[in-house]
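Colleague: Please pick one part of this model and walk me through it closely. Plain words would help, as I'm in my first year.

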Amino acid sequence: MNIFNTAERYGAVAITLHWIVALWLGGLVAMGLYMVGLPDVGFDKLKITLILYHKELGLAALVAATIRLAWRMTSKLPALVSTLPYWQKVAARLVHLSFYGLMFALPVSGLLMSSAAAIPVSVFGMFDLPDLVAPSEAMFRRLIDVHRWLGYALLLLIGLHAGAALMHHFVKRDDTLQKMLSSKAAR
Ligand code: HEM
Ligand code: HEM
């Protein structure tokens, strides 16, 4: 097992971070969409409880994104499969870059939203984060929209990115998905 990336393949750390963050973000989008659809009263305050968990898990996603970006910036970037047409190489890199943007923009917009609503964000029950912006109902409403549309953008990119990966695996039968599953080249 190779820990580090090489010029051709992702290493075990990059692969592990990729799948943990993918599951985490997918879970947070599903949770976000589910919890905002719940009625404000009833269900034994289920909505409020889920929002509290969502905020803490979202904060953890920000930590994970920071670790991932640090690893990405200090590692080799494996080449894309060489048979990919130029436009697909550009599109793939653009999607990857946008993912990094969303990995930060989503939790940051969530934090700003809570601050604008004057609702403190607890750091895993240890202490509350200081307010980032002054309380403002108008800004709170705007940030809810921003957070929601960033969530939709993430869903769209996951669809494109996962669809492309599966197409390469099952139709083109190249090494694209295999590179993100194992640090060793298939023989
Ligand atoms: C990568 C991390 C995150 C993802 C993917 C994510 C995703 C989402 C999504 C999809 C929604 C539903 C939006 C809607 O339909 O209105 C939502 C709602 C929400 N998120 Fe996040 N979120 C993240 C991080 C955070 C963080 C860090 C906070 C705050 C500290 C936060 C606070 C909230 C709140 C308060 C709502 C409910 C908004 C409302 O009342 O409509 N989120 N989130
Ligand atoms: C929230 C979900 C996801 C995010 C944020 C994400 C993000 C990324 C990013 C940023 C890269 C570039 C490498 C890196 O910097 O680590 C990448 C590569 C890759 N991802 Fe994802 N990904 C997600 C879900 C998925 C899914 C569901 C699949 C497969 C079904 C997948 C398959 C791949 C493959 C095969 C590569 C390697 C592409 C190559 O270099 O040839 N990803 N992903």
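Modeller: Let's go through the two iron sites, with a little of the surrounding protein before and after.

A bit of housekeeping: this is a predicted model, where local features need pLDDT of at least 70, side-chain atom pairs count only at pLDDT 80 or more, and totals for chains, interfaces and linings use all residues, while side-chain values use heavy atoms, with hydrogens and water left out. Residues are numbered from 1 along each chain as its sequence is written, and chains are lettered from A and ligands numbered from 1 in the order in which they are written.

Start with the overall layout. The protein has five helices and two strands (DSSP runs numbered from the N terminus: H or I of at least four residues for helices, E of at least two for strands). Following the sequence, you meet them as α-α-α-β-β-α-α. The C-alpha trace spans about 55 × 30 × 30 Å along its principal axes. Of the 187 residues, 34% count as buried (buried is under 20% relative accessible area, exposed is over 50%, and partly exposed is in between, with a 1.4 Å probe and protein chains only).

Now zoom in on ligand 1. It is surrounded by 23 residues, and the closest are His54, Lys55, Gly110, His147 and Arg148 (a residue counts when one of its heavy atoms lies within 4 Å). His54 and His147 each use their NE2 atom to coordinate the iron atom of ligand 1, at 2.0 to 2.1 Å (donors are N, O and S atoms within 2.8 Å of the metal, or 3.2 Å for Na, K and Ca; water is not among the atoms, so sites may look incomplete). The six donor atoms of this iron give angles of 86 to 180°, and the site is octahedral (six donors earn that word if opposite ones are over 155 degrees apart and all others between 65 and 115). His54 sits in helix H2 (residues 46–73) and His147 in helix H4, so this pair links parts that are 93 residues apart in sequence. Both histidines are tucked away: His54 is buried at a relative accessible area of 14%, and His147 is buried at 19%. Arg148 joins in too, with a polar side-chain atom 3.0 Å from an oxygen atom of ligand 1 (a polar contact being a pair of N or O atoms within 3.5 Å).

Over to ligand 2, which has 19 residues around it; the closest are Tyr10, His18, Arg68, Tyr100 and His161. The protein donors of its iron atom are the NE2 atoms of His18 and His161, lying 2.0 Å away. His18 belongs to helix H1 (residues 12–36) and His161 to helix H4 (residues 137–172), so here the linked parts are 143 residues apart in sequence. The angles among the six donor atoms run from 85 to 179°, which makes this arrangement octahedral. His18 counts as buried, at 12% relative accessibility, whereas His161 counts as partly exposed at 26%.

Oxygen atoms of ligand 2 also have polar partners. A polar side-chain atom of Tyr10 lies 2.7 Å from one, and Arg68 has a polar side-chain atom 2.8 Å from an oxygen atom of the ligand. For Lys179, the distance from a side-chain N or O atom to a ligand oxygen is 2.9 Å.

Last stop, some aromatic rings. The structure holds two aromatic pairs (rings of Phe, Tyr and Trp, using the six-membered ring of Trp, pair if their centres lie within 6.5 Å; planes under 30 degrees apart are stacked, over 60 edge-to-face, and the rest tilted). Phe4 and Trp71 have ring centres 5.8 Å apart and planes at 15°, so they are stacked. Phe4 lies in the segment before H1 and Trp71 in helix H2, so the pair ties together parts 67 residues apart in sequence. Phe4 counts as exposed at 56% relative accessibility, and Trp71 as partly exposed at 23%. Trp149 and Tyr152 make an edge-to-face pair, 5.0 Å centre to centre with 90° between the planes. Both lie in helix H4, three residues apart, about one turn of the helix.

Conventions: Four donors count as tetrahedral if all angles lie between 85 and 135 degrees; four count as square planar and six as octahedral if opposite donors are over 155 degrees apart and all others between 65 and 115; anything else is irregular. A polar contact is a pair of N or O atoms within 3.5 Å; within protein, one must be able to donate a hydrogen and the other to accept it, and residues adjacent in sequence count only if both atoms are side-chain atoms.
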